[in-house]
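Work through the following exercises on charged side chains with the sequence and the model side by side, and try each task before reading its solution.

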Amino acid sequence: MRRAFAAISVALLVVAGCGDQKYATVPPEDLIAAVDQTRAAPSQRIHLEMEMNGTGLDGPINAKGDGLIDNRARKGRMTMDMSEFADLAGDSDDPGDGIMEQVIDGFTVYMRWPLFAQQVGTDKEWVKMDLQELGEQQGFDFSALAGGSQGDPTQQLDQLRATSGDVEVVGDEQVRGVDTTHYRATIDLERYPDTVRSADRERVRRSVDRLIELTGQKTIPTEVWIGHETRRVHRMRFKNKFKVPNAPGSFEMDQTMELYDFGAPVPEIQPPPTSDTADLADLAAGAQPP
């Protein structure tokens, strides 16, 4: 089980089917317009739930959390309940070990999670992760894949620009008291380079090809809930797959993200003190044989 926990830790860094029933459809441009409207908000709160299944797990592992994202400053905070992941590690009786905190500053994420710090070999309180640098080590450009957004969960919104084919209209539902329309779509990662400006297209295409090679996933089943009046994305559900690095098997992560309280005031967000922080890149370099 320790090996499974370690593999999941790596996967966390990489960053509903339909039967015979017929649905009305809308063009992908409807979703793209909602992405633009959502991105125009100065801030929003988010609620995230995820379920992971895969190699080495006896059953699904669940996590959930909440955060506040400042879209203009490209900063945010997240707190995740990772208790079931902590149980998987099997070497901690402290309930606090199941709580993960994140401070997001552009493409740099600071994580405070004792069990993760233990996995990467540091006694520092926080671990710094430069997502752009980590991506480059794996052969892809994180900023190209994130659509220019910061390293928070809302970057998944930008992948909706690569929706393939017509979008199914599932029906009307309420999300946190907001009237929305529920849609079902498929994101085609190979189409994503065509959604960016021509000057960036080749760079993005190389990164997408590398991401597909690493994850083994070309398409992402997605569901989206768009407000009737707000025309913003209020909920999004997507399924990602990850290969296990240097080992057989894979993981599937089913995530649901809710966005609400658009324009909420955001207190000043500062990175943790340098004295309390270890850089993941330095830790990885130190683990390499001479």
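**Exercise 1.** In this predicted model, decide whether E101 is buried, partly exposed or exposed, and then find which strands its salt bridge with R112 ties together.

*Solution.* Begin with accessibility: E101 has a relative accessible area of 26%, and because partly exposed covers the range between under 20% and over 50%, E101 counts as partly exposed. Next, look at the partner: the side chains of E101 and R112 form a salt bridge, at 2.9 Å from N to O. Finally, place both residues: E101 belongs to strand β5 (residues 99–105) and R112 to strand β6 (residues 108–112), so the pair ties together parts that are eleven residues apart in sequence.

**Exercise 2.** Which salt bridge joins R112 to E125, and where does each residue lie?

*Solution.* R112, which is partly exposed at 24% relative accessible area, meets the side chain of E125 in a salt bridge of 2.4 Å, N to O. R112 lies in strand β6, whereas E125 sits in the loop between α4 (114–120) and β7 (126–130), so parts 13 residues apart in sequence are tied together. E125 is partly exposed too, with a relative accessible area of 39%.

**Exercise 3.** Locate the salt bridge between D158 and R39, and state which network includes these residues.

*Solution.* The closest N and O atoms of D158 and R39 are 2.8 Å apart. D158 lies in the loop between α6 (142–145) and β8 (167–175) and R39 in helix α2 (residues 29–39), so the pair ties together parts that are 119 residues apart in sequence. D158 is buried at 4% relative accessible area, while R39 is partly exposed at 22%. Salt bridges link D36, R39, D158 and R161 in a network.

Terms used
Residues are numbered from 1 along each chain as its sequence is written. This is a predicted model: local features need pLDDT of at least 70, side-chain atom pairs count only at pLDDT 80 or more; totals for chains, interfaces and linings use all residues. Side-chain values use heavy atoms; hydrogens and water are left out. A salt bridge is a side-chain nitrogen of Lys or Arg within 4 Å of a carboxyl oxygen of Asp or Glu. Helices (H or I, at least four residues) and strands (E, at least two) are DSSP runs, numbered from the N terminus. Buried means under 20% relative accessible area, exposed over 50%, partly exposed in between (1.4 Å probe, protein chains only).
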